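Please load the structure in a viewer and keep a selection prompt at hand. The tour below proceeds stop by stop, naming what to select and what is to be found there.

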Amino acid sequence: MVMRKIQVVMITALLLGMSVPGFAQEPDKNKENDERERADRQQNLNREMTLEREYDPIVQDAVKINTLPVVHEVNISKRPIDYSDYVIPVPTGKEMNVLPSGTFMTEVGHEQRNGYLHFAGGMLMNFNGDFGYHLLNTGRDKLGVFFSHRSTNGNVNFSADSIGKRKAKLNENFGGLDFKHRFDAATLSLGGSFGYSAFNYYGAPAPVDEAPVVASDSATNQGNRYINVYAGIASTEASSLGYHIGVDYRNFNQKYALSKLHTGMTENNIGLNLGLSSPVKDNGQRFGVDLKMNLLTYTAPALKDYQSVFDNSGLDNPPFSIDSITFDNRYEVTLSPYYRLENDKLRLLLGANFMLVYGSKADVFVSPNIALDVPVATWSLFYIHLGGGIESNTMYELSRHNRYINPAYAPEASRTWADAKLGIRSSASAGLWFDLFAGYKYTESDVFYNPSAYFRTDNGFNNVSMIYQPVTGRMQAGATLKYDHRHVFDFYLKGVYNYYTFKRPDTQDNISAIAVFPDENDETGAYESPALDKTVEAYGKPALEINAGVNVRPVKPLTLSLDYGMVSGMYAYVNKKNVKMNTINDVSLRASWKFTDSFGIYAQFNNLLFQRQELYYGYPLQPFTAMAGFSVNF
């Protein structure tokens, strides 16, 4: 009878086309018991702390590590905005635009069940669906499947009366399978995923004085396809010699290039991760080394297919030629030796990253790999981390952040020489938690988004986001505050301020750099003159981000949530000028009712201030919208 019910639910989910950004893995029961016992022992201390066993990417080790007891962070469930990013205000705030694995709008705890089903629909044809199920769930084996669907198909208003309304379309599907088997001395992981996203370039093209107005193709759907398979094995923490071996393959394909007449590119990404570590006696010391290798190869359409795009750009002197387009293969290698010390007084990591990026040219650089966590008071923890590394900037990764990026150009890898962050976390009283932090990051070939000012071809995708890659220094300061009063009332507040300094690239070989910030020394007349403003801004990135929210539970089944997001200080480079984009102020309200531990419903209202706002230049977000849905655990 139970299996029949499960089959009915699974068939229903498939018919509805539901799926999830990631399968909500059920916590390992043995691990939960171990952590619960450790937590009980900590009650003898006159402080509120917990043991975390999450992997810290700064500590490059073969397996997940035991960290020092850290100040307990109040566990406040985030309320992700349950829409596509057409209505999401914060471009970099994952807290607001990523549905956490297994988090339901109704706060139904999936971890006590083997499966979950979530469906919601709303105005402007917004539909969301999530489904996941553990086919195996034992102490030795975990096998889970997951599916996700996000779609929208509705009109949005432009600020310019001449443009009026356009239809914004998105149909995104993602699914996969994860398997883990625990041996006595190691854990084997296998899995794969598949995704397909269809969307249109509905944005208004950026104006250019030299180029005539031409028709834009805002109806054709671009298609992004993603395939990933992986395998790995890692030793247990009790092993005298720690190790991990992992390999993964990712394939990313775009259906079209700059118009539906031009075939899109394909990106192949093969990754290899190796690591060895060995303890020094039983005193919390360990030596280790990690090796990470990445190979990126591209299959591009014949370059002659692009020549018509440049020839028909409408400019007397096109700013770049067919020879500017590059799809260079690239190798990336990172070697990271380290020493780690962990005891009751501190957690220390001393290491370095030796890195090689080899594509059209070779680049070798070194960054520190240092971390220090020190309890400075009963309820406080001081931390300082100093790292660096390679950001591959694969087309797949960038398209997840901005799906409208230039489909005819593969950017360079970003090389971070130093990424420093220091701060203090504290939980001075029950239910109150805060984090104060500041940092500095120095990066070569950083990534900034800007509207294309030069692609002008009839019936082409004339509002693609170009990528500008200067050398940057980013100073950052921020704070997070959370409070929870007996799970009846809680609030959170997070603010981050960013300040950038820039050094322009030494050469203008980068096609995107040319399109975003032309060379004033060019004599063809297609570029801006030295008399114009040369101040560079952090195009497409905010100077100030604020997120705030309140949860109120007047009665046990009911939760009322109010969220606010603000983004300020974003710029775009349009028609040889820096244009400051309007500040985004987004308010959303959600009400959820949990009937049982397995079933709940909710309703959500977005853009309560009825603002016209843009996340990317020329791409307006949705107006006021409402959505309702349900969640089921089984």
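## Stop 1: E391 and K441

Begin by selecting E391, which is partly exposed, with a relative accessible area of 35%. The model in view is a predicted one. Add K441 to the selection: K441 is buried, at a relative accessible area of 18%. The two residues form a salt bridge in which the closest N and O atoms are 3.1 Å apart. This pair links distant parts of the chain, since E391 belongs to strand β15 (residues 380–391) and K441 to strand β17 (residues 432–444), 50 residues apart. Next, select D363, R415 and E444, which are joined into one network by salt bridges that share partners.

## Stop 2: R400 and E172

Select R400 and E172 together. Their side chains meet in a salt bridge, with an N to O distance of 3.1 Å. Here too the pair links distant parts of the chain: R400 lies in helix α5 (residues 395–401) and E172 in strand β6 (residues 165–182), with 228 residues of separation. Which of the terms buried, partly exposed and exposed applies to E172? E172 is buried, because its relative accessible area of 17% falls under the 20% limit for that class. R400, by contrast, is partly exposed, with a relative accessible area of 49%.

## Stop 3: R340 and E342

Move to E342 and R340, whose salt bridge brings the closest N and O atoms to 2.7 Å from each other. Both E342 and R340 are buried. In the structure as a whole there are 13 salt bridges. Side chains of opposite charge can pair when their charged atoms come close.

## Stop 4: V156

Select V156 in strand β5 (residues 141–157). V156 is buried, having a relative accessible area of 1%. What is in contact with V156, apart from its neighbours within four places in sequence? The contacts are G164, K165, R166, A168, Y202, P620, L621 and Q622. Now add Y619 and draw a C-alpha to C-alpha distance to V156: the value is 9.0 Å, although the two residues are 463 apart in sequence.

## Stop 5: the patch around V555

Select V555, W593, F595, F599 and I601, which form a nonpolar patch on the surface. Together these residues have about 430 Å² of accessible area. V555 itself sits in the loop between β22 (544–552) and β23 (558–568). V555 is partly exposed, with a relative accessible area of 41%.

## Stop 6: the whole protein

Clear the selection and display the entire chain. The protein contains six helices and 30 strands. Of its 634 residues, 50% are buried. The accessible surface amounts to about 28,300 Å², of which carbon and sulfur atoms supply 58%. Among contacts between residues at least 6 apart in sequence, 66% join residues at least 24 apart.

Finally, colour the chain by pLDDT. The average is 77, and 72% of the residues score at least 70. Residues 506–533 have a pLDDT below 50, and this stretch has 68 contacts in the model beyond near neighbours in sequence. Residues 1–111 stay under 50 as well; for them the model has 312 contacts beyond four places in sequence.

Definitions and conventions: Residues numbered from 1 in each chain as written. Predicted model: local features only at pLDDT ≥ 70, side-chain atom pairs only at ≥ 80, totals over all residues. Heavy atoms only, no water. Patch = residues over 30% accessible without salt bridge, like charges linked within 9 Å, V, L, I, M, F, W, Y side chains within 5 Å. Areas by Shrake-Rupley, 256 points an atom, 1.4 Å probe, with all protein chains shown as cover. Salt bridge = Lys/Arg side-chain N within 4 Å of Asp/Glu carboxyl O. Helix = DSSP H or I, 4+ residues; strand = E, 2+ residues; numbered from the N terminus. Buried < 20%, exposed > 50% of the residue type's maximum accessible area, 1.4 Å probe, protein only. pLDDT = per-residue confidence, 0-100. Contact = heavy atoms within 4.5 Å.
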